[in-house]
Every structure is written in C-alpha cells, then in structure tokens.
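Here are my notes on the model, set out as numbered points for your review. They take up the aromatic pairs and then the interface.

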Amino acid sequence: MPEMTLDMRVNGRKVTRRADPGQRLLDFLRDELNLTGTKEGCGAGECGTCSVFVDGKLVKSCLMPVAKAQGADIQTVEGLARPGELEAIQKAFHKTGASQCGYCIPGMVMAATSVLREAPEASLDEIKERMGGNICRCTGYSKIIEAVALARDVVTGRASPAVLEPEGVGDSYIGHNVRRLDAPSKVTGRLKYAGDMVMPGMLHMAVLRSPHPHAEIVSIDTSGAEAMEGVACVITADDVPGKDGFGVFVHDQPVMARGKVRHVGEAVAAIAAEDAATARRALAKIRVEYRELPGLFDPEDALKPGAPVIHDYAPDNVVKHIPIRKGDVDKGFAEADLILEDEFSTQQVEHAYLEPEAGLAYVDADDVVTVISPSQNITHHRHMLSEIIAKPINKVRFIMSPVGGGFGGKEDMIYQGMLALAAMKTDRPVRLVFTREESIIASAKRHPSRVKYRMGLKNDGRITAIRFEMLSDGGAYGMSSEGVMRKAAILSCGPYEVENLQVDTTAVYTNNTPSGAFRTFGGMQAQFATESMMDIAAERLGLDPFEIRRRNMMRAGSLTHTQQRLTSASIDRVLEAAEQASRWEPGPVGMRGPTRGDLGGPGTRAPCTLGARFETPKDSKERVA
Amino acid sequence: MLTFERYEMPATLPEALALWAEAPAGARLVAGATDILPWAREGRAGDVDLPLGIDLSRVAELRGYERHGARVRLGANTVWQDFLDDPRLARWLPVMPYCSVWFADDQIRQQATLAGNLVNASPAADGTPPVLALNGELELRRWAGDHIMCRTMRVEDFVTGPGATRLAPGEIVNSVTLDCTEGYGASFQKVGLRRSLVISVACVAALVKLDETGTRFEDVRLAMGGVGPVPERLRDIEDRLKGAALDARLIAEVAEAAAARVASRSRVEYRRRVVPGFVRAALEEAAERARTAPQAAGLKEALNA
C-alpha cells in the first residue's frame, strides 16, 4: 500500500498520520482514529450512516478517498458536543424517541445538523428532502423529522429550549413522553456495535461463499491461502470438533458447507488474517472443486415426485406442514350463497437493517469461548455452539452487542460458529464484519408465499367456510420456517370467526436463499390473502368493506381458528378507530360515483416530489432558481 | 473494495496530464469518486486493485467558471451542489438546479462533478439531458510530449453508448461549456423507485423561452435520458413547438410522439407509458416558469443590489 502524510483537523484537533491516501475517509476515521461513531451501512453511498462534515460540507465518507480530505477540517458525530453534553439536535432526537436501534442515528444527527446549518428555516418538506440521503429502517422517519423540526424551532428561537427537556411522567409512564435510556449513547455515536469493537491482537475474517445454488464439494484446497503472509488460519467444516448443525427448530445447517452447498452465498471456508484486505485477498487462493447438482428454485417443483433432494433427512423436501381443521368445510361450502376462489403471492423480502452482521470472538483465560454479536437469540445460540464445538455449556459464552436493527434477521447463527472456530484455532480475537452485499446474499429473508384461497359466504356477508392453502419457499435451510408456518396457520383466516375451515401451511426446501424470521413471522403473507379476499367479497356482495368485517369479526366468546375461546376481542374498536381516522364514507365500493370525499384529506401523504427548497422563503440566503 | 497501488493528487493540469500520459494500463482518473467506489464492490467489479489513481480534485485549472457572452464555461471540477448553492449559475443555467435537486442526494452532490457524470456516460445519467439541451461542449486536453493538445467536442457526439465515449487515451476533460439560458423557464422530470439516490428509469430536461407577448414559444430545448443507449435531444419536437402558440393540446400531442423514442432494452412498455406524461409535464412547467421568469430574475437583481 502507498503511504502519504495526511494532515487534517478532526473535531478541532490536529491529526497527522502516515496512511494510505487511497483508503476511504470512513476507514481512516474508524480504523486509524477509532472514531467509530461514523458507521458503515452499505459502503456504496446509499445509506448515510457514514455522513461527516469536510470543510463544513456534509459528505458520505465511504465515497471519499482520504487524500481528498488532506488539509481539511473534519467534523464527526463525536465532535458535535463536548463529552457529557448534547447539542439541541441531539436533545431533540432524545426527546422525540427518534433513536431506536441507533445505527443510522449518528448519520441522521449529522444530516440534521447540516439542515439546521444550511437551511435553518426549512419546512417539513424541505427537511425531508435534505435528509433524503440517509436511510432508517426502524422509525418510519416520523420521529426523526419531528426531532429536526423541534430542534429547528429551538435554534431559530420559535420555541424555548425548555421543550427539549424531559417531561415529568407523573403517576404513570403510560401516556407520557418516556425517554429512552440508551439515546444519549446513540445520538453522540458513543455506543459500540460489534463492528466497532477492537481487541489487542485482533484478526479479521473474510468468508468464501458458494457461487453455486446446489453442488457437491469434491475438494477444498486451502494450502495457497494458508501459505500467505498475514493469514493466521483457514477454517472449513473439517475444523468442527463436535456435532455440526444449527437452526431455530431443526439443526440442519452446518457452520460451513459440509459435503455440499445448498444456496448461492453459503459459507464454504473462512480466513482469519492480520487485516481485512489480506483476508479478502487470501480468499482467491482457496481452491474449491464443485460438482454441480440439479437445483430447486420453485417451491411447487420441490413437491413433485422425483424432485432433487436437498437434505437427506427430508426426502420429500418438506420443512414443515401445519394443518388446522375446524368444523366441516364441505358443509360450510354447501351452505354458501357465493364461493370465491383466488390465489395470492408475496415475494422474498430482505430485512435491510442498517447494521450489517458483525461479531467478535475470543477464548478467554479460563478457556471460555466467547462470541460477541448482535444475535437476537443468544441463549439458543450458546446451547447450539456448545454442541458444535464440543465444550460444556459453562465454557461457551455469548454476549449480545447492540443490535443495529434485526427485525428477525439476526435470529440465525449464520456466522458466530465460524468466529468461534477461528478464535479457538488461533487463540486470538477474531472479528468479522459483513459487507452489505454479503448480508443480503447470506442472511435469511421473508418467506415468499403462495396462498390458494377458497371462501364461502352467505349473501349477508357471513363467511361459511374457508379453505386456505399456503406454500412457502423455505430456501436452503430450515431456520425459522417451522415457526413461521405455525404462525401463518394460526393467523391464516384473520380476526374473523369462521365455523368451518381447513388450513394447511407448508414450507419446503429449495436452493434459494434461506427464509427465516421477519416481522409478523408469517402473519403478513396470510393477512395479505385474507384481507384481499374480504375486500373482493365486499365488492361482490355490495357491502361496505368495514361492514363485512364487522359481520365476521371475533368477539368475546368467539372460538378462534385453533379453537381457543376468547375472553376479549378488540377488533371492533380497531375498525372504529380506522374508520374515523380515515374519514371513511360508508357504502359499498363503486357506489360513490367518480369522486369521494375521504381521499386526500389531512393526514394523507402527498405524492413524492422534490424541490421544496425552491419554495421556502429564506431571509438569510438568496434562494436559487 | 477498491485499492490503489499509487494515488496521486496533482495540483496543476500539466502535472495531471503528464501522469495520465504515462499512466500504466488500468489506471483511472478520479474526480468526485462517487461512482468508482461503489463500482469496486461485489456484484459489480468486485475487489479491484488499480495500479494508479489520479485524483483531479486539487487541479487548479479545473476549478471555477466564467461567462463568455452567450456561453458559460464550467471548470471540470464543478460539482452538482454548485448549481443549487450558487445563485449566478442558477440564473445563467436555469435547468441545472432542477436537475441537481434530483441528482443523488445533498451529500453526494458535494463531491460528484458534472464532468464525471458525462464521462461515465450512463444511459440513465441525470446530467446528460440538460447538457444536451444546453448544447454542451467539452474541452479535452492531452499531453503530447512537449505541449498540451486541446480539442473540443459536442457532448452529443462525445457519448456513444452505455459507458462509451470518444475520450481518447491520455485525455482529460478540462471544462464543460453550456448555453447561457437566462430568462428561460426550465423543468426536470424524473421517475425512479424513490426520490433521493435513485437511478432514473426515465428523465426529461426542458427549457422554454417565450416571445415578448408570453403566448408563443420562441425557443424550446428538450432532451431525454434513461430510455435508450444514449440520452437524446428531441429536436423534432422542439421544431414543432418553436414559433407555435402556447397550447396545452399541442403540448399533449407532441408529448405523445416522444413515446416512439423509447429504445431501452428493458421495461419498454412502462417507459413508453410514462414518457409522454413527463415530456408534457416538463414542457408545461418550463413554459409556466418562463412566464414568471422575468419577474423572478428582476427580483433577484433587486435583492443583489
């Protein structure tokens, strides 16, 4: 690597370093100066977790070679307020509860600071427009925008600084602005996520991933990588000392591919080296011979006779089938005045938490194998790892680092095992930080599902029977599929009392990216089908969409799909609130004529456009255009 | 991951040209760096180790801009945010702020250069349509052993296909020269998956100058991007409108004709459906702004005084 003497002022302090001029400013700040408040969420300029000021201008430090910052004045999130203090914008984020997982928050605070500096009178639309380069996945942005507007009002003197102070909670926390305890550490960038943590002598890991969806591994030759200077170890499935296999329900997934690969992006081998660049270069020296196998990419094909078998233990490719039976569907359909049939499909969805997977493992002085990671399921991971590395449970420790967004996507132990094995093999701390691309290719997704629906109704809108058949693509490994199918089945027919139903949810193995847990855990796919059917039925029967739901809704005393007697139900209140909030005009679909008064009113989001900054009058600066 | 064996920050154009003339195969010029860094990632170029990066951001000759009569010459280091922050540029080149506000986001615009956007020659580049509409011309410089060679080329001729240009070995874009269109009304329309940080599925730049009565098109400039291998100027539509009376029906009619220009390899039907609406909206908005532009310009002069 070339070197150059870099001189700059960082957060008011002079900094001089001999460093690679072509490295990104982001790496220089994080690795050379340990200013880890500046995060890496995507490395491609898309997310804004790395926003910093360079000579007063906000830039994305992942898109700037550090040489461009030569002689510049840099301000990072750590430099906004003095230790122990908070700027108005940071207090506002704290006050409105704008920080949730916190991973986007340093960048958001920087972007908000830029708004307040560049356009202190910005309207809400202009605030949104100017912050368009920063992504958040937890908040839906409302609280963030609210925080910026609050800080704006304080900074411009329209509101008293007192509005940023905590409110008393009185006798109850409910109904009051309760402050998050962890917000100050997030708005200042002080909170350390796993990828921010360093230990003396720490190695960096890179993972070799499968280019094939389904292939037998004929051989792996790691000698070229082992021989490279700076490489501390190479690990493969052969390094697993215990019983290999993890998974939330069925332990069908090896720490690294064992004998064959089952999806593109599956880990095949991993390297721990003195630095991340060496580890990545060494990946190219591992030789893997594959023999490609016929793959399964459509869940319907997985069920066909003679289909390729993905896991020997499941020759029918079924991960889990959950049946629910209640009443007599044949009788129910016979009683129906109207029978509707339709199919609904939903696609694979990536969680896209702002924090890519990261972890740090080490073996402590008492031989306790310790893994720090943003795992959403550390106790289960600990038990599984103890079997995998053949150590008693008291020699395995999991520490949950702050989770920079999970949404279910961090429930699977897809990399912690590799870190543990490398730490055991080298007796040194080992850190792995996924790239964004790696996170997308290797982590579980929301199940793509297809629902075949048959619904029988009386003319008054009462449902007489439902047949609900869901087929989900579980991908290459079981992960949370069993639970997701169970939840999808339990929630299948929605909050409606149906006397006769027949529900089957099935997840099958394919060679697609594994599906796993994702917010609603199967509920979303089922509700999309059920609620669509309710709207279609309302239209066909000439009923108000709210009314048809009221005629079928569960009440206290209702028997659920799984035949549990309810002692209370709240859907009546939910429907009423939704009807009022939407200013709903009652009546069947298509009865209103060409115009309806309940669209586009207050609270309705206007179509997306840009250019609010051209509209806002601004005293301090001339507006362009 | 992008690494460089050597990274140079020349301070003058002769230094930069000399480095570039002698550069080993695989060397790259770096302007804003906002495209080259995302390029060197998994799924695109992967990990790339370049023998040399020549960073142009400190080259003195590429800075600044000046007006020469009816033309505005922009140094190649002019960044997209300049069109939003500099009132003079906004007045001389009224389409550029509207394009700029749709370009990437506020932060990337601080680094990304107009020249870099043209040289990358993406079919969906937001910057190329307005430059075509402004009869953009590039000044290209090259070190010829003992002196600097200079040639100029119209941007319309420069961009030849997706990622392909007529930039010759050893050449560096020195400046971009555009028509000063003060007093024109302008519009930029774009559709993508979201507002910020999105590649255009289609984009349209329009400039309209009205006659003294404010009822007839005196001049019309129209260019489209994202709908074929290279962004295109829509001269047939311009010619049909020039001299014609401002008329919503005429605008709608010519806008329909624009759909035939869609020559993309994907989403052709979608693009054919959205393009007429965009062309129409762009022309209507530009005409409306042309009607109000003189007063606005007068107001700005008064504010500056």
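1. Over all chains, this predicted model holds twelve aromatic pairs. One of them joins Y65(B) and W92(B), whose ring centres are 6.0 Å apart and whose planes stand at 85°, an edge-to-face arrangement. This pair links distant parts of the chain, since Y65(B) belongs to strand β6 (residues 65-68) of chain B and W92(B) to helix α4 of chain B, 27 residues apart.

2. The two partners differ in burial: Y65(B) has a relative accessible area of 21% and is therefore partly exposed, the limit for buried being under 20%, whereas W92(B), at 8%, counts as buried.

3. A further pair in chain B is formed by W80(B) and F83(B), with centres 5.5 Å apart and planes at 65°, so that this pair too is edge-to-face; both W80(B) and F83(B) are buried. In chain A, one aromatic cluster is made up of F344(A), Y453(A), F468(A) and F528(A).

4. Turning to the interface, 44 residues of chain B are in contact with 49 residues of chain A, and the area buried between the two chains is about 4000 Å², with carbon and sulfur atoms giving 54% of that area. Of the area that chain B buries against chain A, R41(B), Q107(B) and R195(B) supply 19%, more than any other three residues.

5. Eight salt bridges are counted between chain B and chain A, among them the one in which the side chains of R280(A) and E42(B) meet at 3.7 Å, N to O. The side of chain B that touches chain A draws at least two residues from each of β1, α2, α3, α4, α5 and α11 of chain B, and α3(B) gives the most, with three residues.

Conventions: Residues numbered from 1 in each chain as written. Chains lettered and ligands numbered in written order. Predicted model: local features only at pLDDT ≥ 70, side-chain atom pairs only at ≥ 80, totals over all residues. Heavy atoms only, no water. Contact = heavy atoms within 4.5 Å. Buried area = accessible area lost by both parts, 1.4 Å probe. Salt bridge = Lys/Arg side-chain N within 4 Å of Asp/Glu carboxyl O. Helix = DSSP H or I, 4+ residues; strand = E, 2+ residues; numbered from the N terminus. Phe/Tyr/Trp six-rings, centres within 6.5 Å; stacked < 30°, edge-to-face > 60°. Buried < 20%, exposed > 50% of the residue type's maximum accessible area, 1.4 Å probe, protein only.
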